[in-house]
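I am opening a fresh notebook page for this structure, and I want to write down what I look up in the order in which I look it up.

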Amino acid sequence: MSRGQSFFDHTPESLQDWCVSRGMPRHASSQMLTWVYGNQEVNPAAMTNISGDHRALIAASLPIEEGREIRRQVATDGTRKLLIEWPDAEDRLPIAGRQPSTEAVLIPADARRTACISSQVGCPVGCRFCASGMGGLEGNLTAGRMVEQVHRLGRLGAGRITNVVFMGMGEPLANYKAVTSAIRTINAPWGLGIGARRITVSTVGLPEAIRRLASFSLPVTLALSLHAPDDELRKSLIPWAEHASIEDILAACRDYFEATGREITIEYLLLRDVNDRPEHARLLADRARSLRCNINLIRYNEVEGLPYGRPRDADVHAFQSVLRDARINTHIRASRGRDIDAACGQLRQAAQQAR
Ligand code: SF4
């Protein structure tokens, strides 16, 4: 580990080394792992089977959490959103006067409790409809800070986290090393113990990184944020679409399916009168036929200051019908947390404006 050496950056081996190098018994590392991951305890003083001196040593020299919750919103449907401030950001870009902060969201639905976490501070992709992309990229999050987000959400009282999606702020594949390291801890039996199939990495589509992820040891679910069926419209919505054509991205997704056997999820955000017309649905159906995939249709949540509108219900259902008639597995994702700042980046944006 280079920096950001919080508890959540450690593996069992590195934690054991940390303990031994400070004169603690080897087994203190497994005791700590059980306290933090098993019992969801982050206060060293409560780790009563570790000696008092060693608890004091842990409290003084190994931060368990690095972030600070500065805002919390709870929606009537149980969705909870946290704004977490970090002491610094790795590879931080000089954006004057701003303390790095990111959002993490807990979405309870039936037996599922999904943690939606951020992988970067801000986002380099700059989607025109997104509050997170408005200020650009401020820096990367470490693996430990991604794991910490899941751990924090798991302690909000709704029960243990069952699913994790890297769909918050940032492009996860642009912070590849830290994201895959976090996935290992989230999946590990000694860590959060969440199955690979219940972990989703959502990308705007970086073909090289998708192929790299295909050879990663854990077959996580890959979600492609497509949002437009043709390159021209896509580039007008997603500046990073300049870097790769839809066809190149879909070819990499086909390789991902070949390597992992995991069906790709296509995320399609419906923007009123922009990409929600029947001709867009027909073109999307043509694209989707080339791939083993399912499509999630998402209704846009308006963001103050941005010129995009929420689609009409009739248009959403008509769009879905075109895809279903083409025999493409399509779902309309339920809107969650509409009575809070539900769209990605909105809570952070509101906090920055308030300052
Ligand atoms: S929608 Fe996602 S990829 Fe696009 S700017 Fe926002 S956070 Fe980045």
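The entries below go from the sheet to a helix and then to the aromatic rings.

**Entry 1, the sheet.** I noted before anything else that I am working with a predicted model. I then looked up how the strands are arranged, and I found an open sheet of 10 strands with mixed pairing, in the order β1-β2-β3-β4-β7-β8-β9-β10-β11-β12. Which strands stand at the edges? They are β1 (68-74) and β12 (330-332), and because each has a single partner strand, one side of each is left without a neighbour in the sheet. I also wrote down the twist, which averages 20 degrees from one strand to the next.

**Entry 2, one pair of strands.** Within this sheet I looked up how β7 (residues 163-166) is joined to β8 (residues 199-203), and I found that the two run parallel and are joined by three bridges. When I followed V165 across to β8, I found that its bridge partner there is T200.

**Entry 3, helix α4.** Next I turned to a helix that touches the sheet, and I asked myself which strands α4 lies across. The strands are β1, β2 (80-85), β3 (101-109), β4 (112-116) and β7, and the helix runs at about 45 degrees to β3. I checked the length of α4 (residues 143-154) as well: at 1.5 Å a residue its 12 residues should span 16 Å, and since its end C-alpha atoms are 17 Å apart, the two values agree. Is this helix buried or exposed? I found it mostly covered, with 12 of its 12 residues buried, and the buried residues include R145, E148 and R152 as well as M146, V147 and L153.

**Entry 4, aromatic rings.** I then looked up the aromatic pairs, and the count comes to seven. For F7 and F8, the ring centres are 5.5 Å apart and the planes stand at 85 degrees, which is over the 60 degrees that the term requires, so I recorded the pair as edge-to-face. Both F7 and F8 are buried. The rings of Y300 and Y308 have their centres 6.3 Å apart and their planes at 85 degrees, so this pair is edge-to-face too. With a cut-off of under 20% relative accessible area, Y300 counts as buried because its value is 3%, and Y308 counts as buried because its value is 16%.

**Entry 5, a cluster of rings.** Last, I asked which residues ring pairs link to F7 and F8 in a cluster. I found Y37 and W190 there, linked with F7 and F8 by ring pairs.

Terms used
Residues are numbered from 1 along each chain as its sequence is written. This is a predicted model: local features need pLDDT of at least 70, side-chain atom pairs count only at pLDDT 80 or more; totals for chains, interfaces and linings use all residues. Side-chain values use heavy atoms; hydrogens and water are left out. Helices (H or I, at least four residues) and strands (E, at least two) are DSSP runs, numbered from the N terminus. The expected span of a helix is 1.5 Å times one less than its number of residues. Buried means under 20% relative accessible area, exposed over 50%, partly exposed in between (1.4 Å probe, protein chains only). Rings of Phe, Tyr and Trp (its six-membered ring) pair if their centres lie within 6.5 Å; planes under 30 degrees apart count as stacked, over 60 as edge-to-face and the rest as tilted. Two strands pair if DSSP finds at least two bridges between them. Axes are lines fitted to C-alpha atoms, for helices over the stretch in contact, and angles run from 0 to 180 degrees between N-to-C directions. Contact means heavy atoms within 4.5 Å.
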